[in-house]
Amino acid sequence: QVSELVQFLLVKDQKKIPIKRADMLKNVIREYRNAYAEIVRRADRILQEVFGLQLVEIDTKRHIYILINNLPHAEGQHLCRGKEKEEMGLLLVILSFIFMKGNSVKDSALWEFLHLLRVYPGKQHSVFGDVRKLVTEEFVRQKYLETTPIPLTDPPEFKFQWGPRAEKETSKKDVLNFVAKMQGKDPAFWASQYSEAEAN
Amino acid sequence: NNLMAAQMTNAHRRFLQVLMSNGITEGSEARKLHQHCCETDKVYYAHDKLDDFISIINSHLQPLFMQIRKGISEDDGRAHYAVVNLAETEVTKMASDYTEIELELFRKTMDLIILSENGFASSTDILNLADQLKTKKMKKKEAEQVLKVFVEDKWLSEKNGEYTLHTRCIIEMEQYILSNYQDVARKCNICRSLAIQSQVCESCGIGMHLRCVRKYFRGQTEPRCPKCNEFWSYDTP
């Protein structure tokens, strides 16, 4: 049962689909419901020991889980585990922007910022393809970003914040260090972000 | 058992994570990765000991019915590594990525490839299959797209309009193929592993990998079948 659950979680995780507890019970644990907690605990232990991954609950109300990477971040391998280096690069830039701007940005501000990097929502990008879809759908589905509508706006505007996976897989400190490195400055240069990152 | 006692380090875990997300990793890439992981996680790096490194990982994967397996590409003879699920009784690895009808097309394509003499199925033949699928008929245009995705995902590889199984597919599904195509799938007479593209003796029917044929007949002016001793009628590659 435990090895079946490990396989199940690995497959779901390959596509960064958050895993619902109901799915685990239905597809894998089935008749062993009573042992659910124990099976999950053992599976988590194996995931950590063998794969360096950890099962983390990101929604305690609806019992939704993701697998996060437990290994210390390698230089230049920040958030990515595999081949989506460019997408993760873009994501890191977006997360940095959001953090430096006080943890929440309007969608219009984000697109304006990305214009500077020659990334346009309306245009197919040579590397990222449909960028609007990548940012507003993919990154959100994978729980790297969270988008909420701003009330009383017409046409409707949205704000972007870090999603639960970003919260778990990286840190404000890592992101601030990235920005500092890019700009050739000391992280303490940005006083308020620095103290926020240290407190995190 | 000496290996069982060996602990996994973060270097092993990192290596495994990358191998899993790559799908298939070529030998020299794997060696570079081995070095990178050891350096990143500050673990002692033994230059030539990739196989030992992998054995440690495999000893921990064994209770999960998984394994890092090495296979030789039928195209370039190079070693490749893939993480394989040994408990699979069907093409379940693909099951989560494709629809029912796409899987049926894949299984039928695999039939054509394995039953063929040379391990290739022409795109015409495959597209004709699309018409006869049980689940639902698939239009030719749609089937062409699906084939393209199979190639991108490294289940099939394409050469001159003909399709064969990608090295990744062979490594991951060797057990499945050998058990499900027992009477038809060929084992190379020389190296004993599954042979998809092969040369077959016209008299006694044994098959050999092209690379194994090349090695076996090197320097021989009159190549003869290792089993029945009849003249080997093909050009040695």
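# Exercises on a two-chain predicted model

Asp41(B) is a good place to begin: leaving out residues up to four places away in sequence, it touches Pro72(A), Asn10(B), Ala11(B) and Arg14(B). Please keep in mind throughout that this is a predicted model.

## Exercise 1: Asp41(B) and its partner

Task: Find where Asp41(B) sits in chain B, decide whether it is buried or exposed, and work out which parts of the chain its salt bridge ties together.

Solution:

Step 1. Locate the residue. Asp41(B) belongs to the loop between H3 and H4 of chain B.

Step 2. Check its accessibility. The relative accessible area of Asp41(B) is 15%, and the cut-off for buried is under 20%, so Asp41(B) counts as buried. Arg14(B) is buried too.

Step 3. Look at the pairing. Side chains of opposite charge can pair when their charged atoms come close. Here Asp41(B) and Arg14(B) form a salt bridge, with the closest N and O atoms 2.9 Å apart. Their side chains are also listed as a polar contact at 2.9 Å.

Step 4. Place both ends. Arg14(B) lies in helix H2 (residues 10–22) of chain B, while Asp41(B) lies in the loop between helix H3 (27–40) and helix H4 (50–61), so the pair ties together parts that are 27 residues apart in sequence.

## Exercise 2: Two salt bridges within helices

Task: Take the pairs Glu29(B)–Lys32(B) and Glu172(B)–Arg168(B), and work out how each pair is spaced along its helix and how accessible its members are.

Solution:

Step 1. Read the distances. The N to O distance is 3.3 Å for Glu29(B) and Lys32(B), and 3.0 Å for Glu172(B) and Arg168(B).

Step 2. Consider the spacing. Glu29(B) and Lys32(B) are 3 residues apart in helix H3 of chain B, which means about one helical turn separates them. Glu172(B) and Arg168(B) are 4 residues apart in helix H9 (residues 167–180) of chain B, so about one helical turn lies between them as well.

Step 3. Add the accessibility. Glu29(B) is partly exposed at 40% relative accessible area, and Lys32(B) is exposed at 53%. In the H9 pair, Glu172(B) is buried at 9%, and Arg168(B) counts as buried at 12%.

Step 4. Widen the view. In chain A, salt bridges that share partners join Glu38(A), Arg41(A) and Arg42(A) into one network. Over all chains, the count comes to 19 salt bridges.

## Exercise 3: Where the chains meet

Task: Describe the interface of chain A and chain B: how many residues are in contact, what area is buried, and which residues in chain A lose the most area?

Solution:

Step 1. Count the residues. On the two sides, 22 residues of chain A are in contact with 21 residues of chain B.

Step 2. Turn to area. About 1,800 Å² is buried between the chains, with carbon and sulfur atoms giving 55% of that. In chain A, the most area is lost to chain B by Val50(A), Phe51(A) and Leu71(A), which together make up 29% of what that side buries.

Step 3. Sort the polar side. The count between the two chains is 0 salt bridges, whereas 7 residue pairs are in polar contact across the interface.

Step 4. Assign the helices. Helix H1 (2–14) and helix H3 (36–51) of chain A each supply at least two residues to the side that touches chain B. H1(A) gives the most, with 6 residues.

Step 5. Classify the side chains. The side of chain A that touches chain B divides into 10 nonpolar, 8 polar and 4 charged residues.

## Exercise 4: The nonpolar cores

Task: Which residues have the most contacts inside the largest nonpolar core, and what does Leu9(A) contact?

Solution:

Step 1. List the hubs. This core has 45 residues, and those with the most contacts inside it are Leu5(A), Leu9(A), Phe51(A), Phe15(B), Leu16(B), Leu61(B) and Ile68(B). H3(A) gives the most to the core, with 7 residues.

Step 2. Follow one hub. Setting aside neighbours within four places in sequence, Leu9(A) is in contact with Ile19(A), Met24(A), Leu47(A), Leu55(A) and Leu67(A).

Step 3. Find the other core. A second, separate core of 33 residues includes Ile126(B), Leu133(B), Ile170(B) and Tyr176(B).

Methods: Residues are numbered from 1 along each chain as its sequence is written. Chains are lettered from A and ligands numbered from 1 in the order in which they are written. This is a predicted model: local features need pLDDT of at least 70, side-chain atom pairs count only at pLDDT 80 or more; totals for chains, interfaces and linings use all residues. Side-chain values use heavy atoms; hydrogens and water are left out. Contact means heavy atoms within 4.5 Å. Buried area is the accessible area (1.4 Å probe) that two parts lose on being put together, summed over both. A salt bridge is a side-chain nitrogen of Lys or Arg within 4 Å of a carboxyl oxygen of Asp or Glu. A polar contact is a pair of N or O atoms within 3.5 Å; within protein, one must be able to donate a hydrogen and the other to accept it, and residues adjacent in sequence count only if both atoms are side-chain atoms. Ala, Val, Leu, Ile, Met, Phe, Trp, Tyr, Cys and Pro count as nonpolar, Asp, Glu, Lys and Arg as charged, and the others, Gly among them, as polar. A nonpolar core is a set of buried Ala, Val, Leu, Ile, Met, Phe, Trp, Tyr and Cys residues joined through side-chain atoms within 4.5 Å. Buried means under 20% relative accessible area, exposed over 50%, partly exposed in between (1.4 Å probe, protein chains only).
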